[in-house]
Amino acid sequence: MADMGSKGVTAGKIASNVQKKLTRAQEKVLQKLGKADETKDEQFEQCVQNFNKQLTEGTRLQKDLRTYLASVKAMHEASKKLNECLQEVYEPDWPGRDEANKIAENNDLLWMDYHQKLVDQALLTMDTYLGQFPDIKSRIAKRGRKLVDYDSARHHYESLQTAKKKDEAKIAKAEEELIKAQKVFEEMNVDLQEELPSLWNSRVGFYVNTFQSIAGLEENFHKEMSKLNQNLNDVLVSLEKQQGSSTFAIKAQPRKKTKLFSRLRRKKNSDNAPAKGNKSPSPPPDGSPAATPEIRVNHEPEPASGAAPGATIPKSPSQSSLPAVVVETFSATVNGAVEGGSGAGRPDLPPGFMFKVQAQHDYTATDTDELQLKAGDVVLVIPFQNPEEQDEGWLMGVKESDWNQHKELEKCRGVFPENFTERVQ
């Protein structure tokens, strides 16, 4: 019998709940159609909007904080592996090995401590802050349902009162249900009217405390990490001083093409080689192209002040004794200078001058057509006569000191690796 009674109560409760849902649905339809008025509270609706905004912001902050913590953990793991690598390559007989190992241990502990403090002082506080939202959100929804119940009871009571044939018993019962619905709604409404503004105002203090904690923890972490890094740097400096010969050497890019000056020398030698049976070459007759080579300019520059249009570049006395290939080389250099070189027309700079570089490291020449460089040497960069002769990563130039002293490109110029220098002009 007790079981039957229990089942009856349960069934009655289910039926009551179903009836409530049907009544609420009917009331909402009437309200949307404008056939029933709806109780409005604009102040409360504003509080609900603020609540939803606060929940969205808090959820995003929690997500980003978890991402930040995951990044800290990943950095910890990466730092740990890097230090383990250093410990493996640090040979036992090197000075400072014990200090380096101790620094690595402290580095690991510092990362762990930083991560844990972020969890305790930021993430857990964030979780607690957001933990109050689900209950309030549920109560807001319940308040909305009780408001519909109240409006429905009110409309039912009003319809009975305005009916042509009044039933006092039904009116009394409807009034009783109305009072009950109103009481339930108002109790929930009053509580939320107090809690929502208070929760909204609490966000400022929460954001301040959270970000102050994060900023303070990060500042202290970087201070301590900076000390460890400085200690490690001191250990490595000491190692470098005692093992100076192991300093990493910068290397030039390999040259793949035939060396420019070697090719020029071979051509020059073949041009000047005497015929079989002759002990020495016969001098070229006066007036021949080899005796008085003509220097041609591809694009004629504007004539200097006082010079007649069409004037040719005068030949120097020494040119009559130069072989044809050298004259061609000099002619090409002049052409390049006239066409686009920034040093055109400046006697203090070589023909075709483009820009200056300064050697950052010593470079030992490995061939006769290469420049020998010392750190600090300034080189005047000029174009290759034949662009196909230029290897990747190499430049043509003449050291400024050699140019100022000799003013002769053929004796001073050479190629050099670009990665040993830095452009200064």
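Let me start at the surface, where Glu186, Glu187, Asp191 and Glu194 together form a negative patch, and please keep in mind throughout that what we are looking at is a predicted model. One member of that patch, Asp191, sits in helix α5, which covers residues 168-242. Is Asp191 buried, exposed or partly exposed? With a relative accessible area of 38%, Asp191 is partly exposed, because that label is used for values between 20% and 50%.

Now to another helix, α2, which runs over residues 42-89 and contains Ala70. Ala70 also counts as partly exposed, since its relative accessibility is 46%. Where the chain comes back towards this residue, we can look at His115, which is 45 residues away from Ala70 along the chain, while the C-alpha atoms of the two are separated by 9.2 Å.

Let me turn to the aromatic rings, of which the structure holds 10 pairs. One of these is formed by Tyr150 and Phe185, whose rings are stacked, with 6.1 Å from centre to centre and 10° between the planes. This pair links distant parts of the chain, as Tyr150 belongs to helix α4, residues 133-161, and Phe185 to helix α5, the two being 35 residues apart. Unlike the partly exposed Asp191, which lies in helix α5 as well, Phe185 is buried, and so is its partner Tyr150.

Finally, which residues are linked into a cluster by ring pairs? They are Phe51, Tyr129, Phe133, Phe206 and Tyr207, and I would suggest finding them in the structure above as we close.

Conventions. Residues are numbered from 1 along each chain as its sequence is written. This is a predicted model: local features need pLDDT of at least 70, side-chain atom pairs count only at pLDDT 80 or more; totals for chains, interfaces and linings use all residues. Side-chain values use heavy atoms; hydrogens and water are left out. Patches are made of residues with over 30% relative accessible area and no salt bridge: like charges are joined within 9 Å, nonpolar side chains (Val, Leu, Ile, Met, Phe, Trp, Tyr) within 5 Å. Accessible areas come from the Shrake-Rupley method with a 1.4 Å probe; for residues, only the protein chains shown count as cover. A salt bridge is a side-chain nitrogen of Lys or Arg within 4 Å of a carboxyl oxygen of Asp or Glu. Lys and Arg count as positive and Asp and Glu as negative; His and the chain ends are not counted. The place of a charge is taken as NZ of Lys, CZ of Arg, CG of Asp or CD of Glu. Helices (H or I, at least four residues) and strands (E, at least two) are DSSP runs, numbered from the N terminus. Buried means under 20% relative accessible area, exposed over 50%, partly exposed in between (1.4 Å probe, protein chains only). Rings of Phe, Tyr and Trp (its six-membered ring) pair if their centres lie within 6.5 Å; planes under 30 degrees apart count as stacked, over 60 as edge-to-face and the rest as tilted.
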